[in-house]
Amino acid sequence: MTEFLDLETQDAVRMPWNVIPGTKQEAAQCVIPISAIYTPIKPLPESTPLLPYSPLRCRNCRSVLNPFSIVDFSTKIWICSFCLHRNHFPQHYHSISDDNLPAELFPHYTTIEYEPRNEIPTSQITPRVFFFVVDTCMIEEEIGFLRSGLSRVIGEIGGECFVGLITFGRYVCVHELGFFGRMNKVYVFNGGKDISKDQVLEQMGFFLKKPRPATGVVAGVRDGLSQESINRFLLPAADCEFALNSVLDELQKDPWPVPADQRAPRATGTALTIAAHLLGVCVPGSGARIMAFLGGPATEGPGSIVSKSLSEPIRSHKDLDKDAAPFFHKAVKLYEGLAKQLVHQGHVLDVFACALDQVGVAELKVAVEKTGGLVVLAESFGHSVFKDSLLRIFQSGENDLGLSSNGIFEVNFSKDIKIQGVLGPCASLEKKGPLCSDTTIGQGGTTAWKMCGLDKSTSLCLIFDIVKKETPDVIGQANDQFYFQFLTYYQHSNGQMRLRATTLSRRWVTGPRNVQDLIAGFDQEAAAVVMGRLVSFKMETEAEFDPIRWLDKTLIHLCSRFGDYQKDSPSSFVLSPRLSIIPQFVFNLRRSQFVQVFNNSPDETAYFRMVMNRENVANSVVMIQPSLISYAFNSGAEPALLDVASIAADRILLLDSYFTVVVFHGSTIAQWRKAGYQNEPEHKVFAQLLQAPLDDAEAIVKERFPVPRLVICDQHGSQARFLLAKLNPSATYNSDAPPMPGGDVLFTDDVSFEIFLDHLQRLAVQQ
């Protein structure tokens, strides 16, 4: 596993198969698709330079000069490793030689970043824009929590960043922040109606002092708008901090009367549409973010997810399966249109959904994912999950998110590989070409994608297709390497445009004798994450899809293909260490919230899947198979099995399941803590034992986004369920053997991992 982590440090890429099957048939026999999980702007090692000039591109296929290019120093020609086209070096490369290489040809700089000097003059750098869209249909207490959360971050926003504000309930109110001491104005729109861009322009008085251009699209200062009219609604944070705080201080619950048997009228869809229109008019192409703070379900106008009558429940998974959710498809269609508009404008939608009820995250998912937005789900605006996550977005320092914008992601490969599609936070730019496969998965049928918003951990899952070969001998015998190049052109947080080029080389093998080579290059963690993304995608897009059956069949075929066994002899079955953990990953994936939708709302399921679809391999593995650390007197912190047998009366357990971090005290430890032994000088060791897991939990919480929920509980307490739900049920209420003294049993009928493995071995040897 270490070599895969080293490759990730260098190139930000993890691939399930690091040695690639050479034919289409052999690729199909590998069961898990040939794929890669790539983190486009993962921080590079400190030794990697930032090149202050433009990259050199192949004149034929537009790939970037890289260490795998063949260079002829005498004739100053380089041969592209992708299309084998011969290119001349420009004049400023005339001094290159074997001893004087440019950085992009260094063998260990397979990932390099370019920031051409003065590409954008400082005066023309578009500042970042944060447009707050705030729900006011909440109780006063929640509005107070939200007000304090927003006030807290306003001081953290950089003074040069632009800020705007919309509040909404039954009506949508666009606040004019540039009133400078005069009476502040609010432009009010009916939340029950579709509002067009022209209506926004007209009603908000953009052309009172200046006639509207007769032709063309109205978009920003260059195309017909005055800076003065834009500055009424979007102002630098330093100029409007007082005005913004004044409006927030006066923020009150939506005054529209709500009968006792009805939900509050909440026009979420209209508010987001107006925000998108306003940003499209004022700052097209800038790194603008719409930040929606939602406290309940949309019930008014376009995008409603439920009727106002409380007698009608909000859609559940069962309703969606039976097609009995009358509002769902209409709302999704609205947000698909909004996603298309935001992608065209280069803007991002972030959603902060804080309510005990569902708010419509399942419907909003398409707009958030296609624009690369962030999503946070919490029970209340007063919860630390919301408050700390919001603060993290604006904080700078070692744990900053590295928010960047306006990304375009492109790929190039050797001619024997095609791209089926991408699973992750991006939108297709529909750039078709010979590299596109006939089979599409996710955002497919293109070799370029738009990433309106991206950060340091944003990751894309690319699914490849090996082109069919008649016989293995046809593949070019001289070169047994496949080449991949990923190009990410994006606007860095400093405002300058950068290009990151990652070029990979992977060996291909073919024939039955090369199975051991495939196994040697197998990355179990990357494979589990690819399976997690694929099964989530299939559950959302394929009718009558059975995820458990699909995962089981995939695992059985994988073990049958790569395991060592005698036919029909389960006891002879052995898996190579390279594959030994994959059954455990699949067992936990089957039980995870990505596959088991029971006891989760559609909003929660959409939230979990959105976060997994954008996170890197290390974080995604923790979501699929949580980590468990044990703390005891006779040993320090040590990894423990994710099993009910790990519970002991004299132990503290720390569970990290990504969304929740649990500190679990065994019954004896809990009794001693309640007796206050940790406060007595002679029990200093006990105090240290109690503190150690809390310190480790704090370190996890500090570096993660969204900030996880921290649960501190005791054995047999009600909140112990957060731990018990994740453990392997090796001891249940109907087990023959009693639990260990001080241990625990699970009240479940789920099969244990041992039984799962036993069945897997039996079925694998029958194939």
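**Lys 538 and Glu 542**

I started with Glu 542 in this predicted model. Glu 542 comes out partly exposed, because its relative accessibility is 36%. Its side chain meets that of Lys 538 in a salt bridge, 3.3 Å from N to O. I looked up the lysine too: Lys 538 has 18% relative accessibility and so counts as buried. The cut-off for buried is under 20%, so at 18% Lys 538 falls on the buried side.

**Other salt bridges**

I then pulled the total for the structure, and it is 32 salt bridges. One of them joins Arg 14 to Asp 523, with the closest N and O atoms 2.6 Å apart. I checked where the two partners sit: Arg 14 is in strand 1, while Asp 523 is in the loop between helix 12 (515-520) and helix 13 (524-541). The two are 509 residues apart, so this pair links distant parts of the chain.

Are Arg 14 and Asp 523 buried or exposed? Arg 14 is buried, at a relative accessible area of 1%. Asp 523 is at 0% relative accessibility, so I noted this residue as buried as well. I followed the contacts outward and found a network of salt bridges that links Glu 8, Arg 14, Asp 523 and Glu 525.

My next pair was Glu 369 with Lys 365, whose side chains form a salt bridge at 3.1 Å, N to O. Both residues belong to helix 10 (residues 361-371), and because they are 4 residues apart there, about one helical turn separates them. I have Glu 369 down as buried, and Lys 365 too.

**The sheet with strand 1**

Arg 14 sent me to strand 1. This strand is part of an open sheet of 4 strands, ordered 1-3-21-18, with antiparallel pairing. Strand 1 (13-14) and strand 18 (417-423) are at the edges with a single partner strand each, so one side of each has no neighbour in the sheet. I counted bridges at the other edge: strand 18 pairs with strand 21 (residues 460-466) over 6 bridges, in the antiparallel sense. For register, Lys 418 has Asp 465 in strand 21 as its bridge partner.

**Strand 11 and its neighbours**

Strand 11 (residues 171-175) starts at Tyr 171. How many of its 5 residues are buried? I get 4, so strand 11 is largely enclosed by the rest of the structure. Tyr 171 itself counts as partly exposed, since its relative accessibility is 30%.

On one side, strand 10 (residues 162-168) is joined to strand 11 by 3 bridges, antiparallel. The two form a hairpin with 2 residues between them, and Ile 166 has Val 174 as its bridge partner in strand 11. Strand 11 also runs antiparallel to strand 12 (residues 186-190), and 5 bridges join them. In that pairing His 175 stands opposite Val 186.

I then turned to the surface. Tyr 171 and Val 186 show up again in a nonpolar patch, together with Val 188 and Trp 256. The accessible area of the patch is about 340 Å².

Just ahead of strand 10 I looked up Gly 159, which is in the loop that follows helix 3 (140-154). Gly 159 is at 33% relative accessibility and so counts as partly exposed. Its C-alpha is 9.8 Å from that of Leu 235, though 76 residues separate the two along the chain.

**Strands 24 and 25**

Strand 25 (residues 635-639) was my next check on burial. Of its 5 residues, 0 are buried, so this strand lies largely in the open. Strand 24 (residues 627-632) pairs with strand 25 in the antiparallel sense, over 3 bridges. A hairpin through 2 residues connects them, and Ile 629 is bridged to Pro 639.

**Cysteines**

I searched the whole structure for disulfides and got 0. For Cys 436, the nearest cysteine sulfur belongs to Cys 426 and is 13 Å away. Cys 436 counts as buried, because its relative accessibility is 11%. Cys 713 is buried too, with a relative accessible area of 4%.

**Whole chain**

Last, I took the overall numbers. I get 21 helices and 28 strands. Buried residues are 57% of the 767 in the chain. The C-alpha atoms fill a box of roughly 85 × 80 × 60 Å along the principal axes. The radius of gyration is 28 Å, which agrees with the value near 27 Å for a compact globule of 767 residues.

Notes:
Residues are numbered from 1 along each chain as its sequence is written. This is a predicted model: local features need pLDDT of at least 70, side-chain atom pairs count only at pLDDT 80 or more; totals for chains, interfaces and linings use all residues. Side-chain values use heavy atoms; hydrogens and water are left out. Two strands pair if DSSP finds at least two bridges between them. Patches are made of residues with over 30% relative accessible area and no salt bridge: like charges are joined within 9 Å, nonpolar side chains (Val, Leu, Ile, Met, Phe, Trp, Tyr) within 5 Å. Accessible areas come from the Shrake-Rupley method with a 1.4 Å probe; for residues, only the protein chains shown count as cover. A salt bridge is a side-chain nitrogen of Lys or Arg within 4 Å of a carboxyl oxygen of Asp or Glu. Buried means under 20% relative accessible area, exposed over 50%, partly exposed in between (1.4 Å probe, protein chains only). A disulfide is a pair of cysteine sulfur atoms within 2.5 Å. The radius of gyration is taken over C-alpha atoms; the globule rule is 2.2 Å times the number of residues to the power 0.38.
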